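Colleague: I am new to this structure. Please take a close look at one part of it, the charged side chains that pair up, and then tell me what lies around them.

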Amino acid sequence: MTKVVGRLRLELAATGDAVDETVQARGLAWKAALQQPYGHPRSLDQQIARLLAASLGVADGLPRDAAVALYDDLSARLALECPEELSRLRTGGALTDADRVTLEDTILRLSA
């Protein structure tokens with residue numbers, strides 16, 4: 001998880017300040033990625049996938065509801081396209097460099 005959220009704290013902290021619009025947009029995208037339905041926490045693999053998508057900037061500049069919908073769609077499609085990588089994360093495996101590259105490439109392709 002720490003491999004994915006390295007800049008999370010900094011970018012979330014910047015959302016309320018008068019900072020660069022790009023940083024503020026990324027911070028809002030992080031918040032949308034972290035949003036979970038009340039009483040239904042997401043599995044670890046889905047949380048990591050959403051945070052990885054946020055780190056790539058795929059929802060930067062989108063309104064919160066649109067970003068949440070994008071992350072929901074990406075999560076569902078990643079489950080179909082990268083089941084082995086997500087399974088390893090779900091069962092407590094570390095995010096390997098190879099899995100990260102596969103997930104990043106798939107996220108970017110699906111969000112284009």
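Modeller: R42, R50 and D72 are linked in a network of salt bridges. The model is a predicted one, and the distances below are computed from it. Within the network, the side chains of D72 and R42 meet in a salt bridge at 3.5 Å, N to O. D72 lies in helix α4 and R42 in the loop between α2 and α3, so this pair ties together parts that are 30 residues apart in sequence. D72 has a relative accessible area of 35%, which means that D72 counts as partly exposed. R50, the other arginine of the network, is one of the buried residues of α3.

The count of salt bridges comes to eight. One of the others joins the side chains of D45 and R90, with 2.5 Å from N to O. That pair links distant parts of the chain, since D45 is in helix α3 and R90 in helix α5, 45 residues apart. The two partners differ in how much of them can be reached from outside: D45 is buried, at a relative accessible area of 1%, whereas R90 is partly exposed, at 47%.

A pair with a short separation in sequence is D73 and R77, whose side chains meet in a salt bridge of 3.2 Å, N to O. Both belong to helix α4, and because they are four residues apart, about one helical turn separates them. D73 is partly exposed with a relative accessible area of 35%, and R77 is partly exposed as well, at 32%.

A charged residue that stays without a partner is E85, which sits in helix α5. E85 is buried and has no salt bridge, although the side chain of R88, the nearest of opposite charge, is 4.2 Å away. A salt bridge is counted within 4 Å, so a pair at 4.2 Å falls outside the rule. Apart from its neighbours within four places in sequence, E85 is in contact with D99, T102 and L103.

Helix α3, which carries D45, can be described as a whole. The helix runs over residues 44-56, and its end C-alpha atoms are 18 Å apart, which agrees with the 18 Å that 13 residues should span at 1.5 Å a residue. Its buried residues are D45, Q46, I48, A49, R50, L51, L52, A53 and A54. These pack against four other helices: α2, α4, α5 and α6. Just after α3 comes G57, with a positive phi of about 80 degrees.

Helix α2, one of the helices that α3 packs against, covers residues 21-34. From its first C-alpha to its last, it reaches 20 Å, close to the 20 Å expected for its 14 residues. R26, G27, A29, W30, A32 and A33 are its buried residues. W30 has a relative accessible area of 1%, and residues under 20% are called buried, so W30 counts as buried. The C-alpha atoms of W30 and S55 are 7.6 Å apart, while 25 residues separate the two in sequence.

Helix α2 also borders an enclosed space. The structure holds one cavity of 30 Å³ or more, and the volume of the largest cavity is about 30 Å³. Its lining is made up of A25, L28, A29, A32, A59, G61, L62, R64 and A67. The elements that give two or more residues to this lining are α2 and α4. The largest share, four residues, comes from α2.

To place these parts in the whole: the protein chain has six helices and zero strands. Of its 112 residues, 38% count as buried. Among contacts with a separation of 6 or more, 58% are between residues 24 or more positions apart. The salt bridge between D45 and R90 also links distant parts of the chain.

Key:
Residues are numbered from 1 along each chain as its sequence is written. This is a predicted model: local features need pLDDT of at least 70, side-chain atom pairs count only at pLDDT 80 or more; totals for chains, interfaces and linings use all residues. Side-chain values use heavy atoms; hydrogens and water are left out. The expected span of a helix is 1.5 Å times one less than its number of residues. Buried means under 20% relative accessible area, exposed over 50%, partly exposed in between (1.4 Å probe, protein chains only). Contact means heavy atoms within 4.5 Å. Lys and Arg count as positive and Asp and Glu as negative; His and the chain ends are not counted. On a 1 Å grid over the protein atoms alone, a cavity is a set of points where a 1.4 Å probe fits but cannot get out, and a pocket is an open set with protein on both sides within 12 Å along at least five of seven lines; lining residues have an atom within 4 Å of a point. Grid points are joined across faces, edges and corners, and a volume is the space filled by probe spheres set on the points.
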